[in-house]
Amino acid sequence: MPPRDNPTARQARLGAELRKLRERAGRPAREAGGLLGVDQAKISNIESGRIGVSEERIRRLAAFYSCADAALVDALCAMAREHRGQFWWDEYRGILAPVFLDIAELEHHAVRMQSMQTLSIPGLFQTEEYSRALFSGVVPPLPTDEIDARVEHRWRRRGVLERENPPPYEAIVHEAALRMRFGGRKVVRAQLEHLLEAATWSTVTVRVLPFTVERFIEVTQPLLYVEGAVPQLDTVQMDSPFGGRYLDAEAELQKHRTLLDIARNLSFGVAQSRQFIHHIAREL
């Protein structure tokens, strides 16, 4: 099977974690290839996510790298057992850009999620009309069928919060996002009412960061911190005009945990946040 041209973010992450284990052990790629009976190029493709790797090979490599973290090895093996076509977002492959599939995949496998939004409501809490207003404002304009597919995909993503054991989700929403009138007053009022409903779900926490906060917080782009099955698989996802960025270096993870902690401490409490959202909705 030829190497994948476009590995998913999760496939690339599996390869990256195997590379980290090898480098931590001080083993060159040619030695890893010798263990598996393959050339160095195949090891490179495995570590970039362009070629899949079996559970048996992961365990052999982990032993070769003297990795004693059984929980991490088990988590990597679980990732290796996943296959294309297994999940609902695969239906959109070839219809939507890979970035849409990657975010759905990341959320699906999350153990816990934290987000910070400064200009719009978090995607998992968006109503259909609100999402449509956002996608309809893309420049240059998107074809109608593209907008429809994006809206439908975003709506289906919320299933992660409606399943039997949903991951806890804490959303910090800046007051600016609550006051933006994307789609008009009626759309935004319905969106805020839905956000208030979501805030009552047992695994969801919504906090508002008000304009009155005087301390600058270095989170001006949408930020999603996703905890993985083990801490080594935590991921930061950040949206930008050029697509989503996925960060997994420990320094980056620590930086964004700190930023979220600061934002949380400066935000309103849960009850006050609900009252504040309700007040803004009544103003519309």
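Which helix gives the most to the lining of the second largest pocket? Keep that in mind while you open the structure, which is a predicted model. We will walk through the sheet, then the core, then the pocket, and finish with some loops.

**Stop 1: the whole sheet**

Switch to a cartoon view and colour the strands. You are looking at an open sheet of six strands, in the order E3-E2-E1-E4-E5-E6, with mixed pairing. Select residues 204-209 and 245-247 to find the edge strands, E3 and E6, each of which pairs on one side only. Ignoring direction, neighbouring strands here are turned by 15° against each other on average.

**Stop 2: strand E1 and its partners**

Now select residues 112-117, which make up strand E1. Is this strand largely enclosed or not? Five of its six residues are buried, so E1 is largely enclosed by the rest of the structure.

Add residues 169-174 to your selection: this is strand E2, which pairs with E1 in the parallel sense over five bridges. Then add residues 223-227, strand E4, which runs antiparallel to E1 and is joined to it by five bridges.

Gln114 is a handy residue to show as sticks here. It stands opposite Glu170 in E2, and also opposite Tyr225 in E4. As you turn the view, remember a general point: in a regular strand the side chains alternate between the two faces of the sheet.

**Stop 3: from E4 out to E6**

Stay with strand E4 for a moment. Four of its five residues are buried, so E4 too is largely enclosed by the rest of the structure.

Next, select residues 235-238, strand E5. E4 and E5 pair in the antiparallel sense over four bridges, and Tyr225 stands opposite Val236 in E5. On to the edge: E5 and E6 also pair in the antiparallel sense, over three bridges. Show Gln237 and you will find it opposite Tyr246 in E6. Remember Tyr246, as we will meet this residue again at the pocket.

**Stop 4: the other edge**

Move across to strand E3 and select Arg207, which is found there. Is Arg207 buried or exposed? Its relative accessibility is 19%, so Arg207 counts as buried, the cut-off being under 20%. Now draw a distance from Arg207 to Ile172: they are 35 residues apart along the chain, but their C-alpha atoms are separated by 4.8 Å.

**Stop 5: the nonpolar core**

Show Met113, Phe125, Leu178 and Leu192 as spheres. These are the residues with the most contacts inside the largest nonpolar core, which has 33 residues. Several elements each supply at least two residues of this core, among them H6, E2, helix H9 (175-179) and helix H12 (270-283). Which helix gives the most to this core? That is H10, with six residues; select residues 185-198 to see this helix.

**Stop 6: the second largest pocket**

Turn on a surface if your viewer has one. Rolling a probe the size of a water molecule over the atoms shows where empty space is left. The second largest pocket holds about 340 Å³ of space. It is lined by 20 residues, and the closest to its centre are Ala9, Arg10, Arg13, Thr235 and Tyr246.

Here is the reply to our opening puzzle: H1 gives the most to this lining, with five residues. Select residues 9-25 to see helix H1, then add helix H6 (98-108), E4 and E6, which also give two or more residues to the lining. The lining residues divide into eleven nonpolar, three polar and six charged.

**Stop 7: some loops**

Select Asp234, in the loop between E4 and E5. Asp234 has a relative accessible area of 8%, so this residue is buried. Ala149 is 85 residues away from Asp234 in sequence, and 29 Å away in space, C-alpha to C-alpha.

Before the last selections, a general rule helps: most residues other than glycine have a negative phi, and most peptide bonds are trans.

- Ser66 lies in the loop between helix H4 (55-64) and helix H5 (70-81). Its phi is near 60°, a positive value in a residue other than glycine. At 65% relative accessibility, Ser66 counts as exposed.
- Pro140 lies in the loop between helix H7 (128-136) and helix H8 (144-157). The peptide bond from Val139 to Pro140 is cis, with omega near -5°.

Definitions and conventions. Residues numbered from 1 in each chain as written. Predicted model: local features only at pLDDT ≥ 70, side-chain atom pairs only at ≥ 80, totals over all residues. Heavy atoms only, no water. Pairing = 2+ DSSP bridges. Axes fitted to C-alpha atoms, helices over the stretch in contact; angles between N-to-C directions. Buried < 20%, exposed > 50% of the residue type's maximum accessible area, 1.4 Å probe, protein only. 1 Å grid on protein atoms, 1.4 Å probe; cavity = no way out; pocket = protein on both sides within 12 Å on 5 of 7 lines; lining within 4 Å. Points joined across faces, edges and corners; volume = space filled by probe spheres on them. Nonpolar A, V, L, I, M, F, W, Y, C, P; charged D, E, K, R; others polar. Core = buried A, V, L, I, M, F, W, Y, C linked by side-chain atoms within 4.5 Å.
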